[in-house]
Amino acid sequence: MIGMLMFLTALIFLLVGIPVAFAFAGVAILFAILFPWDVGLQVFELLPFRIYGIMQNFTLMAVPLFIFMGLILEKSKMAEDLLESMGRLFGPVRGGLAISTVLVGAILAASTGIVGASVVMMGLITLPIMLKHRYKPELACGTIVASGTLGQLIPPSVVLIVLGDVMYVSVGDLFKAAVVPGLILTSLYILYILILAWLRPSVAPAMEKEGDEPYGKLLLRALKAIVPPLLLIVAVLGSIFAGIASPTESAAVGVVGSIVLTLFKRTFSWGMVRYAAIETVKLSAMIFMILIGATAFSLVFNAFDGGDFVHHFFTHDLGGKWSFILVTMAVIFLLGFFVDFIEIAFIVVPILVPIAASFGIDPIWFAILIAMNLQASFLTPPFGFALFYLKGAAGDKVTTGQIYKGVIPFILLQLTALGIVMAWPDIIYWFGK
């Protein structure tokens with residue numbers, strides 16, 4: 001019971017605005033001091049060994065490498081070229097601009113995987129164009145934030161790397177398993193836009209053709225913009241899927257490949273490398289500080305038998321595999337309204353792993369369900385980070401209310417995709433086990 005009180009206290013600290021790492025670590029220290037007869041500060045004697053284990057973790061080395069790769073590509077002008085060429089290619093179709101945004105979001109997800117960069121870039125470039133061509137602001141906003149968050153599911157994804165480490169499963173297997181759910185989600189977005197544009201043409205009108213450039217030239221320009229990131233995707237994911245390289249090794253390949261792309265595009269500069277290196281250190285430090293705070297929290301939480309309490313609740317009070325899955329998905333979805341994916345992955349998921357194992361649940365499938373659910377945490381009001389990124393990039397062009405309204409259909413589409421993968425578990429293995 002004290003373990004549950006710990007979790008609620010940590011949630012209150014987060015809502016008050018205390019930084020995540022300090023909120024969880026502070027709650028751990030507070031409860032260790034308040035209950036010296038049960039736990040006491042001696043529980044933290046294990047913490048240095050846990051931190052040293054984190055520092056030696058080969059899998060987690062992929063996190064800063066993929067972040068660095070994404071930041072290099074962010075500054076390479078690749079996204080701008082993709083958005084411009086794809087927009088002109090699909091613009092004459094009803095909803096074409098929104099469809100091109102989804103496709104570019106999927107390509108960026110498979111090549112960079114950084115939500116903030118993708119949402120901000122698309123917000124700066126495509127939002128003014130969609131509003132200029134009389135797109136409904138809600139649809140434009142929803143499309144941009146939903147497309148920008150595809151990087152949390154489509155590999156290489158930081159979420160999948162973290163889950164692979166926390167759940168003790170192969171990150172390469174998770175990358176393979178996430179491809180089909182990512183394609184399902186992308187297809188659902190496109191299908192929704194096409195149906196909406198067909199039923200209500202005024203919501204997403206076709207773009208009037210500018211100039212007399214032949215369609216063949218537009219197609220060639222689009223291919224020139226698409227081929228470089230596709231080559232990088234093949235180099236990174238292909239090396240993992242073929243068993244040539246581990247995710248960490250392929251991340252290093254991705255870093256080299258991204259720099260080679262900037263050299264070919266003549267956008268390389270040492271200032272860009274310096275920017276990417278500094279931002280990588282900042283983001284990586286934030287993630288690992290949260291991991292250390294979460295480790296301190298879990299030490300005290302387990303000392304209070306919090307894990308045993310949760311295990312007993314799911315195995316005896318609920319008593320069934322599907323009850324466990326449904327309740328787990330509902331809890332993670334609701335937590336996503338208030339808590340970031342990193343905290344959920346480091347605090348909640350480790351408690352669920354042994355329970356899932358006791359029910360004989362496929363850990364890869366369970367990890368993919370969690371990853372799909374965590375992706376929604378970027379979109380759910382009031383604290384969805386993608387919503388804040390877009391509002392910051394859009395300024396006064398759209399209101400916060402329009403962003404919140406626009407994202408609701410896409411959250412429902414994410415839940416639909418989650419339901420499809422839950423109903424047909426084997427579809428995640430279309431690329432092999």
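A residue counts as partly exposed when its relative accessible area falls between the buried limit of 20% and the exposed limit of 50%. Keep that in mind as we walk through this structure, which is a predicted model.

Let's try the idea out on T399, which sits in the loop between α18 (385–394) and α19. Its relative accessible area is 43%, so T399 is partly exposed. Now look for E138: T399 and E138 are 261 residues apart in sequence, yet their C-alpha atoms are 9.4 Å apart in space.

E138 takes us to helix α8, where E138 is one of the buried residues. Helix α8 covers residues 137–148. How far apart should its ends be? With 12 residues at 1.5 Å a residue, α8 should span 16 Å, and its end C-alpha atoms are 17 Å apart, which agrees. Of those 12 residues, 11 are buried, so α8 is largely enclosed by the rest of the structure. Among the buried ones are L139, I144 and V145, along with G148.

Step past α8 and you meet T149, in the loop between α8 and α9 (158–166). Is T149 buried or exposed? Its relative accessibility is 0%, so T149 counts as buried. Leaving aside neighbours within four places in sequence, T149 is in contact with V115, Q375, F378, L379, A386 and Q414.

Next, let's see how some helices pack. Two packed helices are described by the angle between their axes and the distance between the axes. Take helix α15 (residues 321–335) and helix α19 (residues 400–423): their axes come within 13 Å and cross at roughly 160°. An angle over 145 degrees counts as roughly antiparallel, so α15 is roughly antiparallel to α19. The crossing of α15 past α19 is right-handed. On the α15 side, W322, I325, L326, M329 and F333 make the contact, and on the α19 side I411, L415, L418 and M422 do. Sorted by class, this contact has 9 nonpolar residues, no polar ones and no charged ones. An α-helix has 3.6 residues a turn, so residues three or four places apart point the same way.

Finally, try helix α6 (residues 96–111) and helix α10 (residues 171–199), whose axes come within 9 Å and cross at roughly 175°. These two helices are therefore roughly antiparallel to each other as well. Which residues of α6 and α10 meet? From α6 come A98, I99, V102, L103 and A106, and from α10 come T186, Y189, I190, I193 and L194. By class, the contact of α6 with α10 has 9 nonpolar residues, 1 polar residue and no charged ones.

Terms used. Residues numbered from 1 in each chain as written. Predicted model: local features only at pLDDT ≥ 70, side-chain atom pairs only at ≥ 80, totals over all residues. Heavy atoms only, no water. Axes fitted to C-alpha atoms, helices over the stretch in contact; angles between N-to-C directions. Helix = DSSP H or I, 4+ residues; strand = E, 2+ residues; numbered from the N terminus. Parallel < 35°, antiparallel > 145°, perpendicular 65-115°, else oblique. Left-handed = near helix turned anticlockwise from the far one by under 90°. Contact = heavy atoms within 4.5 Å. Nonpolar A, V, L, I, M, F, W, Y, C, P; charged D, E, K, R; others polar. Expected span 1.5 Å × (residues − 1). Buried < 20%, exposed > 50% of the residue type's maximum accessible area, 1.4 Å probe, protein only.
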